[in-house]
Amino acid sequence: MSTPRLPAPPDPPLRERWADLRPGDRIGRYVLGDEIGRGGMGVVYRAHDPALGRDVAVKVLPADAHGDPERVERLRAEARAASALDHPHVCTVFEVGESEAVAGPGRLFVAMALYEGEALDARLALGPLPVAEAIDVARQVALGLGAAHRKGIVHRDVKPSNVFLTTERSPAGGPCVKLLDFGVAHVEGAPLTRAGTTLGTIEYAAPEQAHGQVGPAADQWGLGVLLYEMLAGRRPFDEPYEAALLYAVLNLDPPPLRDARPDVPEALAAVVERLLAKRPEDRFATADEAAAALDGVLSISGPSAAPRPAAARSPRAWPAGWSRLRAVLGSVTFVVAALAAWAAVARSLPDEKHVAVLPFRSVGSAPAAQAFADGLAETLASSLTQLEQYQGALWVVPASEVRAQGVGSPSAARRALGATLVVEGTVVRAGGRVRVLLNLVD
């Protein structure tokens with residue numbers, strides 16, 4: 001007869017595991033209210049700041065972590081990382097400090113802005129988001145990540161519970177988004193973990209994080225998983241066991257997004273596919289570029305892009321399809337003129353301006369999309385070449401040379417071609433409309 005297995009003892013009460021704090025206790029100058037959230041890095045309370053007469057959110061390191069120097073330093077790093085960012089899509093940090101004896105000696109806390117609304121994971125519990133709203137949320141997250149990356153900060157834990165949808169409205173009409181919890185962020189020049197360790201949430205961790213290699217592109221992967229989940233109602237890799245999940249992330253392609261959500265525009269599916277590229281170098285060059293691509297998709301696929309009445313065709317009208325190309329080339333002409341004027345007056349530019357136009361990236365799955373983007377890049381390079389006679393030290397690298405050298409990034413253009421100015425471009429095509437996003441890199 002086998003011995004019956006006893007049931008596992010119940011988890012200890014939340015107060016025993018996490019904190020000995022009660023509503024009305026003070027930590028620093030803040031009077032604590034109810035608990036509003038918890039995670040691996042601490043407990044979050046609604047609190048009141050009597051000095052300034054405002055409510056705030058206060059994160060307190062758990063009592064059982066008091067003797068863990070690494071967790072204490074990581075919470076300090078979160079505060080330093082977030083406080084270095086003054087951005088509308090990053091949670092504002094007011095103060096980091098240590099508690100007084102009444103709350104337990106040495107208890108570290110972070111006081112942050114308190115927002116009204118809900119976390120994205122709570123919203124996703126109700127089902128997928130409308131396409132336009134999902135794009136807008138992802139775009140705002142990408143902008144917040146871009147601000148962090150410019151400060152040398154990699155979030156490393158982009159997931160729905162760290163994305164807060166406030167009751168404020170964004171310009172697109174959806175919720176204004178705040179990126180939360182830099183508790184596992186990597187701050188350039190201040191590593192806090194041993195080489196080869198992995199932090200973050202495995203369901204949203206990039207393939208390279210499995211090897212302990214984390215850069216800004218890893219946050220793009222998390223953004224891709226987030227956007228896929230907002231649209232499909234499930235993650236692209238959702239295996240029930242950690243080993244199977246890790247294998248899928250490293251080796252398998254996600255199920256096509258449009259199979260799960262047929263109303264997703266092809267251009268948006270292409271953005272998600274690029275965010276979820278296995279190799280970091282195959283994702284967008286920056287989070288800002290990802291935000292620009294999402295903005296382009298939103299502008300041509302969102303609710304604001306309502307059909308316009310067809311204009312009467314004049315006897316000299318261009319053939320069908322050419323009107324869009326003419327508008328794009330008109331934009332290119334404007335950019336050439338603006339670049340010429342800017343280059344002539346910008347005192348900070350080098351005396352010799354060597355300009356390289358990199359191959360444009362195409363967002364869209366139509367077979368001719370990349371050829372169309374390549375043609376635009378060639379047109380822009382050719383137009384810029386005509387300015388050489390008016391700019392004393394302006395030299396434009398021939399497009400054929402850029403292709404021959406296989407140059408695809410500003411750093412490669414400088415190294416292989418001696419370029420000091422680089423023009424990057426992304427072409428977004430969807431719904432019969434074309435948008436060209438250009439970026440000039442010094």
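Which residues of strand 12 are buried on one side, and which on the other? Keep that in mind as you open the viewer, and remember that you are looking at a predicted model.

**Stop 1: strand 12**

Select residues 353–357, which make up strand 12. On one side you'll find K353, V355 and V357, on the other H354 and A356, and all of them are buried, so both faces of the strand are covered. Why does that pattern of sides show up? In a regular strand the side chains alternate between the two faces of the sheet. With 5 of the 5 residues buried, strand 12 is largely enclosed by the rest of the structure.

Now add residues 394–396, which form strand 14. Strands 12 and 14 run parallel, and 3 bridges join them. Want a spot to zoom in on? Pick H354 and look for W395 of strand 14 standing opposite.

**Stop 2: a three-strand sheet**

Next, show strands 7, 9 and 10. They make an open sheet of 3 strands, in the order 7-9-10, with antiparallel pairing. Strand 7 (117–119) and strand 10 (175–179) are the edges: each has a single partner strand, so one side of each is left without a neighbour in the sheet. Going from one strand to the next, the twist averages 25°.

Zoom in on strand 7 and strand 9 (residues 163–169), which pair in the antiparallel sense over 3 bridges. Here G117 stands opposite T166 in strand 9. Then switch on helix 4 (residues 131–150), which packs on this sheet and touches strand 9 and strand 10. The direction of helix 4 makes about 35° with that of strand 10.

**Stop 3: salt bridges**

How many salt bridges does the count come to? There are 14 salt bridges, and we'll visit a few of them.

Start with D49 and R29, whose side chains meet with N to O at 2.8 Å. D49 is in strand 3 (residues 42–49), while R29 is in the loop between strand 1 (26–27) and strand 2 (30–39); the two are 20 residues apart. Is D49 buried or exposed? D49 is buried, because its relative accessibility is 0% and the cut-off is under 20%. R29 is partly exposed, with a relative accessible area of 33%.

Move on to R283 and E208, where the closest N and O atoms of the salt bridge are 2.8 Å apart. R283 is in the loop between helix 8 (266–275) and helix 9 (287–301), and E208 is in the loop between strand 11 (186–187) and helix 5 (216–232). That puts them 75 residues apart, and both are buried.

For another one, select R361 and E289, with the closest N and O atoms 3.2 Å apart. R361 is in strand 13 (residues 361–363) and E289 in helix 9, so this pair ties together parts that are 72 residues apart in sequence. E289 is buried, at 12% relative accessible area.

Before leaving, select R29, D49, R54 and E95 together: salt bridges that share partners join these residues into one network.

**Stop 4: cysteines**

Finally, a search for something else. A disulfide is a covalent bond between the sulfur atoms of two cysteines. How many disulfides does a search of the whole structure find? The result is 0. You can still click on C91, which is buried at 7% relative accessibility, and on C176, which is also buried, with a relative accessible area of 9%.

How values were computed: Residues are numbered from 1 along each chain as its sequence is written. This is a predicted model: local features need pLDDT of at least 70, side-chain atom pairs count only at pLDDT 80 or more; totals for chains, interfaces and linings use all residues. Side-chain values use heavy atoms; hydrogens and water are left out. Buried means under 20% relative accessible area, exposed over 50%, partly exposed in between (1.4 Å probe, protein chains only). Helices (H or I, at least four residues) and strands (E, at least two) are DSSP runs, numbered from the N terminus. Two strands pair if DSSP finds at least two bridges between them. A salt bridge is a side-chain nitrogen of Lys or Arg within 4 Å of a carboxyl oxygen of Asp or Glu. Axes are lines fitted to C-alpha atoms, for helices over the stretch in contact, and angles run from 0 to 180 degrees between N-to-C directions. Contact means heavy atoms within 4.5 Å. A disulfide is a pair of cysteine sulfur atoms within 2.5 Å.
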